Amino acid sequence: MAITSANQLELLQTAEAVAREKMIDPGLVVEAMEESLARAAKSRYGAEMDIRVSIDRKTGRATFTRVRTVVEDDLLENYQAEMTVEQAKQYLAEPKVGDTYVEEVPPVELGRIAAQSAKQVILQKVREAERDKQYEEFKDRAGTIINAVVKREEYGNLIVDVGAGEAILRRNDKIGRESYRPGDRIRCYIKDVRREVRGPQIFLSRTAPEFMAALFKMEVPEIYEGIIEIKAVARDPGSRAKIAVISYDGSIDPVGACVGMRGSRVQAVVNELQGEKIDIIPWNEDVPTFLVNALQPAEVTKVVLDEDAERIEVVVPEEQLSLAIGRRGQNVRLASQLTGLDIDIMTEEEESKRRQAEFEERTKLFMDTLDLDEFFAQLLVAEGFTNLEEVAYVDLDELLVIDGVDEGTAEELQARARDHLDALNKAALDRARELGAEESLIAFPGLSPQMIEALAKDDVKTLEDFATCADWELAGGWTTVNGERVKDDGILEPFDVSLDEAQNLVMTARVALGWVDPEELARAEAEAAEGEAAEGAEEAEA
């Protein structure tokens, strides 16, 4: 096929027809044609040449040009597409490196093979344009609900038609007992949209907690308008769920608004989720109060919160224990997901036994270490003292409030406690040195002798060893393995060292060794603090 006046307009007509059919920009099709014609021309004139094609968007005339670039003498490699400054003088008035010389060349005729190649280039470009259009259409729809039509099932995964392409609902994102046939309509949550080589991948879900939140937003106008906010959602898909809501209008009950007249609103969500039972819970900033609400319908006697460990202890009556835990631990598990805390549930009898055991253990500690009789040791425990450090370093006045303790007795108690602690520290350091701990680690501030001994037992024996530790190796933490949270024990975890404290200790060691510039560290910390402040301001403004 020759590019002649007879078929110049046909190029534009073809481009417009393809663009209309695929619903893409006609300019993209014309660009694909230009590239395919340039590729065909290179096969005719030589692959080394830089041949370019330009199609006039009005007339359809294709102009073939050869481009030669001016390069330095020692960089000349391709004589067909490059030339030196000296060679360029016969074409350009004052040539310099980087200039180009463009000359028109005769149009080529496309043989059968060249025409087939051109067709493949155009199809490829059109496919890429379709994929880009699909990605642009869906990338901003992540986090919303979409209605789709089931096309087929592949290895348990559903492939669905979302209008401008296909999306996938994977097996583990389906509610357990659901089954669909081709042609069925399905409502899903767009969990993720990714740009991949084979085209955009749209991942759907019906098990995501956000799906339930989005359904409530559709059913409850007050949530859509921002009067009521969904603060947290926890689901056991297909079985049970808990959703925490708060109202910013004192005249509107958040739970009642979500339930609706005769349960109409919540029932619409339940029907969509295949009968999943939903507990709607009022949100409360006070964590213990919120947890009591989250454990409904069980009644809670007492809540003990340990914010540092992100754990919470809940005491319930004996007859409420099974209700609080739920079938196969479902109720307490959902309450834990809702609050973000690890929950320990015990009966009143179990809690009483545990408190008695702790009391006896602390009493024995003071009797053995401070050489006290049982009654005096019990007085210390009853006043809230739990360890030797508290007795040794507390203000004297706090000991004087104990019945029968005068100033001399209080000073004697503190002296005994400090002597015992000094002996323990010396023994710990001796054992650490026997294990190979070096003075660089022993002299490092912020580490107690017992910590140094624990580090040496774990083969951390020098300050250099310590500086290479990660914060989670010292403080411990949690990782997710196969969807389950797994505990990582930290070397210094028994000493209640937090992640922030561990990070500060490690960075201080690196500064001391000269591995980190303290000024750069201070700047990084200042920038991080500014970023957190700005983020907080944005959240407050929102």
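Is R328 buried or exposed? In this predicted model, R328 comes out as exposed, because its relative accessible area is 72%, and the cut-off for that label is over 50%. As for where it sits, R328 belongs to the loop between α10 (321–325) and α11 (330–339). R328 also has company of like charge: together with R177, K277 and R327, it makes up a patch of positive charge on the surface.

Now for the aromatic side chains. Searching the whole structure turns up 3 aromatic pairs. One of them joins W283 and F290, with ring centres 4.5 Å apart; the planes meet at 50°, so this pair goes down as tilted. The two partners differ in how much cover they get: W283 is partly exposed, at 22% relative accessibility, whereas F290 is buried, with just 3% of relative accessible area. The W283 value is not under 20%, which is what the buried label would take, so partly exposed it is.

Another pair brings F444 and F466 together, with 5.7 Å between the ring centres and 50° between the planes, so tilted is again the label. Here F444 sits in the loop between α17 (439–442) and α18 (449–457), while F466 is part of helix α19 (residues 463–467); the pair therefore ties together parts that lie 22 residues apart in sequence. As for cover, F444 counts as buried at 5% relative accessibility, and F466 is buried too, its relative accessible area being 0%.

Conventions:
Residues are numbered from 1 along each chain as its sequence is written. This is a predicted model: local features need pLDDT of at least 70, side-chain atom pairs count only at pLDDT 80 or more; totals for chains, interfaces and linings use all residues. Side-chain values use heavy atoms; hydrogens and water are left out. Patches are made of residues with over 30% relative accessible area and no salt bridge: like charges are joined within 9 Å, nonpolar side chains (Val, Leu, Ile, Met, Phe, Trp, Tyr) within 5 Å. Accessible areas come from the Shrake-Rupley method with a 1.4 Å probe; for residues, only the protein chains shown count as cover. A salt bridge is a side-chain nitrogen of Lys or Arg within 4 Å of a carboxyl oxygen of Asp or Glu. Lys and Arg count as positive and Asp and Glu as negative; His and the chain ends are not counted. The place of a charge is taken as NZ of Lys, CZ of Arg, CG of Asp or CD of Glu. Helices (H or I, at least four residues) and strands (E, at least two) are DSSP runs, numbered from the N terminus. Buried means under 20% relative accessible area, exposed over 50%, partly exposed in between (1.4 Å probe, protein chains only). Rings of Phe, Tyr and Trp (its six-membered ring) pair if their centres lie within 6.5 Å; planes under 30 degrees apart count as stacked, over 60 as edge-to-face and the rest as tilted.
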